[in-house]
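This report describes selected backbone features and strand pairings. Please read it alongside the sequence and the structure shown below.

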Amino acid sequence: MPRESFTCPRCGAAEADPVLAPQRFCGICQDFTGRCGASFIAAALLATGVVEIPGWPYPCTSTGTERWLLARVAGAETGIGLCAPHGDRLRAGAASWMKALGLTLNPAGRS
Ligand SMILES: [Zn+2]
Ligand SMILES: [Zn+2]
């Protein structure tokens, strides 16, 4: 059986622990950073006072295959992984209304 590993989108470290890696859990961040970060974004939105996030299903337990950068008005950028459906939602316009709330989401690797 091939050993699973993933690169944590938040801290950039490669997680290859035989127990943690298959769960997409980063031992450094102590979080499931290898999974879709839909809940992470939802938590950031809820922190802005939003009570409902239409069109944004969460939690999502899919593997995060796309890398995005989440930036808040006051704060550093956080790398997150998103599944393809959630990435599509951002591209389809979700990113613009989130930006109106102070969250900026950009695909990683582009500025
Ligand atoms: Zn990490
Ligand atoms: Zn997702």
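In which loop does Pro59 lie? The model is a predicted one, and in it Pro59 belongs to the loop between helix H1 (38-46) and E3. The peptide bond that joins Tyr58 to Pro59 is cis, with omega at about -5 degrees.

**Strand pairing**

Strand E3 (residues 66-72) runs antiparallel to strand E4 (residues 78-82), and five bridges join the two. Within this pairing, Arg67 has Gly81 of E4 as its bridge partner. The hairpin of E3 and E4 has five residues between the strands, and Gly75 in this hairpin adopts a positive phi near 155 degrees. E3 also pairs with strand E5 (residues 103-107), in the antiparallel sense and over five bridges. Here Leu70 has Leu105 of E5 as its bridge partner.

**Positive phi outside glycine**

Arg24 is a residue other than glycine with a positive phi, and Gln30 likewise has a positive phi although it is not a glycine.

| Residue | Phi | C-beta neighbours inside 10 Å |
|---|---|---|
| Arg24 | near 60 degrees | 21 |
| Gln30 | about 55 degrees | 8 |

Arg24 is placed in the loop between strand E2 (14-15) and H1, and the loop between E2 and H1 also holds Gln30. Is each of these residues buried or exposed? Arg24 counts as buried because its 21 C-beta neighbours inside 10 Å meet the cut-off of 20 or more. Gln30 counts as exposed because its 8 neighbours fall within the limit of 12 or fewer.

Notes. Residues numbered from 1 in each chain as written. Chains lettered and ligands numbered in written order. Predicted model: local features only at pLDDT ≥ 70, side-chain atom pairs only at ≥ 80, totals over all residues. Pairing = 2+ DSSP bridges. Helix = DSSP H or I, 4+ residues; strand = E, 2+ residues; numbered from the N terminus.
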